[in-house]
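Trainee: Could you take me through one part of this model in detail, the stretch that carries a domain annotation? I'd like to see how its pieces are put together.

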Amino acid sequence: MSSVLVVGGGALGLLSAWMLAREGVQVTLVERGEVGREASWAGGGIVSPLYPWRYGAAVTALAHWSQDFYPRLGASLLAETGIDPEVHVTGLYWLDLEDEVAALSWASRQGRSLTALPMSEVRAAVPGLGRGFTRALHMEGVANVRNPYLMRALHKALQQQPNLTMREHCFVQGFIHEHGRLRGVHTEAGALYAEHVVITAGAWSGELLAPLGLGLPIEPVKGQMILYKCADDFLQTMLLAKGRYAIPRRDGHVLVGSTLEYVGFNKTPTEEALASLQASAEELLPALAEAAVARHWAGLRPGSPDGIPFIGEVPECPGLWLNCGHYRNGLVLAPASCRLLVDLMLGNKSIIDPVPYAPAGRLMLA
């Protein structure tokens with residue numbers, strides 16, 4: 001394989017391009033805006049599905065590989081770029097789960113350390129926890145990554161690759177077919193050619209493929225987040241209750257999220273969501289009622305059936321590859337998804353069984 005064109009500059013696009021370039025492939029990455037500024041920037045960065053036991057084997061396989069890989073990825077990017085993605089191991093407490101038995105059963109089957117703890121231990125570890133909670137599960141070793149820093153590190157790493165070209169603010173207008181296969185894209189800046197084209201455009205992937213007569217079942221799902229600035233020692237672990245989470249950063253920032261909204265491509269933050277997120281934050285950590293919201297934003301997740309991404313070549317369109325549709329778990333699953341994609345493209349042995357993610361039979365044809 002000599003050349004690949006990657007369309008979309010979020011976590012999936014940047015990591016795919018980085019891994020391909022490190023394999024000696026000539027890569028061109030095209031992003032309609034600035035790289036790393038959509039869902040990959042907007043998310044919380046927990047290196048775990050929020051409720052891993054509620055997903056099937058396909059998501060679990062990608063998540064476990066990525067969780068094991070993230071510390072090496074963070075160290076590699078820090079050494080290569082001087083930018084620390086802050087892979088921060090804090091552990092995670094789930095509070096008052098309705099499916100606690102199912103969670104513990106899943107952990108036992110998967111060999112994952114998930115423990116039911118008395119609330120006295122939880123309150124000792126999290127002195128500021130709200131008083132209304134009665135049960136807790138804890139998993140040590142769960143990390144979060146500071147996703148804006150991860151995007152900056154990947155951006156700089158790509159700029160240092162001699163066999164990679166990055167084109168930001170470059171809008172893809174259509175595809176180029178030659179001799180029965182896809183060979184490139186038309187952009188506002190002209191035609192770009194490559195041996196293979198990879199779509200990593202998140203929530204916009206379905207729109208991109210529509211002119212090809214391919215129905216990709218990916219829809220935008222809006223999520224809103226808020227950020228507090230607290231003392232460095234205010235919160236030392238991640239908390240999750242009633243579908244909302246609090247994530248500590250190393251410098252005292254605490255993220256609280258997030259909403260799930262089906263409102264198309266509207267990314268405008270709303271006062272209603274702000275009030276709801278603040279109420280959840282104060283229920284988890286009452287002291288946040290006295291803290292100012294430093295920032296409030298929204299992003300668009302690429303919703304997909306069962307949260308199973310599309311990874312692989314599209315049989316109806318040779319030369320077209322997908323790495324998209326990760327729904328709420330883009331950052332969690334990105335390393336494994338990109339490694340799987342690269343291995344498939346290069347004909348290497350796959351890290352996991354690729355069949356569950358293959359586009360074959362999962363797209364609607366016009």
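Mentor: Sure. When I say helix or strand here, I mean a DSSP run: H or I over at least four residues for a helix, E over at least two for a strand, numbered from the N terminus. Keep in mind that this is a predicted model. UniProt, in an unreviewed entry, lists residues 4-344 as "domain: FAD dependent oxidoreductase". Over that stretch the chain is 31% helix and 28% strand, and its end C-alpha atoms sit 13 Å apart.

Let's take some strands first. Strands of a sheet pair through backbone hydrogen bonds, either parallel or antiparallel. Here, three strands form an open sheet in the order β9-β10-β11, and the pairing is antiparallel. β9 (172-178) and β11 (190-193) are the edge strands; each has a single partner, so one side of each has no neighbour in the sheet. From one strand to the next, the twist averages 30°. Zooming in on β10 (residues 181-187), you find four bridges joining it to β11 in the antiparallel sense. Val185 is the residue facing Leu192 of β11.

Now some helix packing. Two packed helices are described by the angle between their axes and the distance between the axes. Start with α1 (residues 11-22) and α9 (residues 330-346): their axes come within 9 Å and cross at roughly 40°. Angles from 35 to 65 degrees fall outside both the roughly parallel and the roughly perpendicular ranges, and that makes α1 oblique to α9. The crossing is right-handed. On the α1 side, the contact uses Ala11, Leu12, Leu15, Ser16, Met19 and Leu20, while α9 brings a list that includes Leu331, Ala334, Arg339, Leu341, Val342 and Met345. Sorted by class, the contact of α1 with α9 has twelve nonpolar residues, three polar and one charged.

The other pair is α3 (residues 57-81) with α6 (residues 147-159), whose axes come within 10 Å and cross at roughly 55°. That angle makes α3 oblique to α6. α3 goes past α6 in a left-handed crossing. α3 contributes Tyr70, Leu73, Leu77, Glu80 and Thr81 to the contact, and α6 answers with Leu150, Ala153, Leu154, Lys156 and Ala157. By class, this contact of α3 with α6 divides into seven nonpolar residues, one polar and two charged.

Methods:
Residues are numbered from 1 along each chain as its sequence is written. This is a predicted model: local features need pLDDT of at least 70, side-chain atom pairs count only at pLDDT 80 or more; totals for chains, interfaces and linings use all residues. Side-chain values use heavy atoms; hydrogens and water are left out. UniProt positions are given in the numbering used here, feature names are shortened, and annotations may be inferred rather than shown by experiment. Two strands pair if DSSP finds at least two bridges between them. Axes are lines fitted to C-alpha atoms, for helices over the stretch in contact, and angles run from 0 to 180 degrees between N-to-C directions. Angles under 35 degrees count as roughly parallel, over 145 as roughly antiparallel, 65 to 115 as roughly perpendicular and the rest as oblique. A crossing is left-handed if the near helix is turned anticlockwise from the far one by less than a right angle, and right-handed if clockwise. Contact means heavy atoms within 4.5 Å. Ala, Val, Leu, Ile, Met, Phe, Trp, Tyr, Cys and Pro count as nonpolar, Asp, Glu, Lys and Arg as charged, and the others, Gly among them, as polar.
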